[in-house]
Amino acid sequence: MSGRADAAPATEADGRSDPVLSCRDLSVEFHMDRGTSTVLNGLDIDIERNEIIGIVGESGSGKSMFASALLDAVVEPGVTSGTVTYRPSEGPAVDVLDLSDDRLRQLRWEDISMVFQGALSSFNPTLKLRGHFVETLDAHGYDVEAGLERTHELLADLYLDPDRVLDSYPHELSGGMKQRALIALALVLEPEVLVMDEPTAALDLLMQRSIVSLLSDLRDKYDLTMVFITHDLPLVTKLADRIAVLYAFELAEVGRTEELLRSPKHPYTRALLNSTPDIESPLGEMRPIEGAAPDPVNVPSGCPYHERCPMATGDCATVTPAMEAASESHDVACHHWTRVDDEIDLTTEVGR
């Protein structure tokens, strides 16, 4: 497992004193004929109230599974274990993985809402957008008239014409318009946390940048906490206060965005940055990551990255690295992180 098994909630001493979500030993397994597939392995992380945290990593690293686990939405036969503690701004803390089905359905829209990957196709094509909002409000016992007033405000905040959008069928809207309408739908019940899984993947570059800018404004206006999951590292650097890097279903590194980009301490984070296209850097300086991510049924012992790591030693193959503090706001799971600055150059300047 990466991360401290005895990790405790953040304190004022390290500047992270108000977590809205705390995950401890969060794991997801699928039991299959060819063996147990571990697709999330022992994550310990606090998500701070009103922050935007970016979750990044290669395809198949566990990002989407982390999003589903946060809401106890892993589909069968997946088994989620550990704890996810939600601390609302008012009222007692909630153990998300121990809720009844009814309370869980309530939490997923009213407290923690999610925009799933590929959700642009999730609208009912026979129902106008107004019907989607009305159905959601009515199903949760909300005042529909007041909810539609909030809908108008949200759509306007997302630079959409509320009346035009609400009176349109999904196919009458562009991809960018549908994505923004979907974000408004996710926020209509006033959740505290918005989880977004690759929310801009199907959009062109200009629309991606536009939505990222709008999300930052929404966070400030509505006091939201956002979990932004993406493989697009340059995109998330424009939005996130912190970045968490996943590799092989475990946390490799977590830190404030500026610090992590300036001085990443995990060899994988450096490889990820060096493989990222950067318009300011010569093409020849891009370095693809050698090898392939491990099979979830056969994750190597020790550090899961050691088979691809140029700094790996014998201990890396047998001893799982603990998450260590590289600074007050920067944690890394690597046996040799103190040497990484000297041994692996940064060839790109993503986000800087």
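Where in the chain would you look for Cys309? You'll find Cys309 in the loop between α10 (267-274) and α11 (314-318), and it gets its own close-up below. What you see is a predicted model, where local features need pLDDT of at least 70, side-chain atom pairs count only at pLDDT 80 or more, and totals for chains, interfaces and linings use all residues. Residues are numbered from 1 along each chain as its sequence is written, and side-chain values use heavy atoms, with hydrogens and water left out.

**View 1. Cys309 sits in a loop between two helices, α10 and α11.** Helices (H or I, at least four residues) and strands (E, at least two) are DSSP runs, numbered from the N terminus. Cys309 counts as buried because its relative accessibility is 16%; buried means under 20% relative accessible area, exposed over 50%, and partly exposed in between (1.4 Å probe, protein chains only). Gly291 is 18 residues away from Cys309 in sequence, and 9.5 Å away in space, C-alpha to C-alpha.

**View 2. Four strands make an open antiparallel sheet.** The 4 strands come in the order β2-β1-β4-β5. Strands of a sheet pair through backbone hydrogen bonds, either parallel or antiparallel; here two strands count as paired if DSSP finds at least two bridges between them. Look for a hairpin: β1 and β2 have 2 residues between them, and 10 bridges join the two. One handy spot to check is Cys23, whose bridge partner in β2 is Ile45. On to β4: β1 (residues 19-32) pairs with β4 (residues 79-86) over 7 bridges, again antiparallel, and Glu29 has Val79 as its bridge partner there. β2 is largely enclosed by the rest of the structure, because 11 of its 14 residues are buried.

**View 3. β6 is covered on both faces.** Ile112 and Met114 are buried on one side, and Ser113 and Val115 are buried on the other. β6 runs parallel to its partner β7 (residues 193-197), with 4 bridges between them. Ile112 has Val193 as its bridge partner in β7.

**View 4. Asp111 lies in the loop between α2 and β6.** Is this residue buried or exposed? Asp111 is buried, because its relative accessible area is 16%. Its side chain makes a polar contact of 3.4 Å with the side chain of Arg103. (A polar contact is a pair of N or O atoms within 3.5 Å; within protein, one must be able to donate a hydrogen and the other to accept it, and residues adjacent in sequence count only if both atoms are side-chain atoms.) Setting aside neighbours within four places in sequence, Asp111 is in contact (heavy atoms within 4.5 Å) with Tyr86, Arg103, Gln106, Pro191, Glu192 and Val193.

**View 5. Helix α3 packs against four other helices through its buried residues.** Those buried residues are Leu129, Gly131, His132, Phe133, Thr136 and Leu137. They pack against α2, α4 (144-157), α5 (162-166) and α6. Just after α3 comes Gly141, with a positive phi near 70°.
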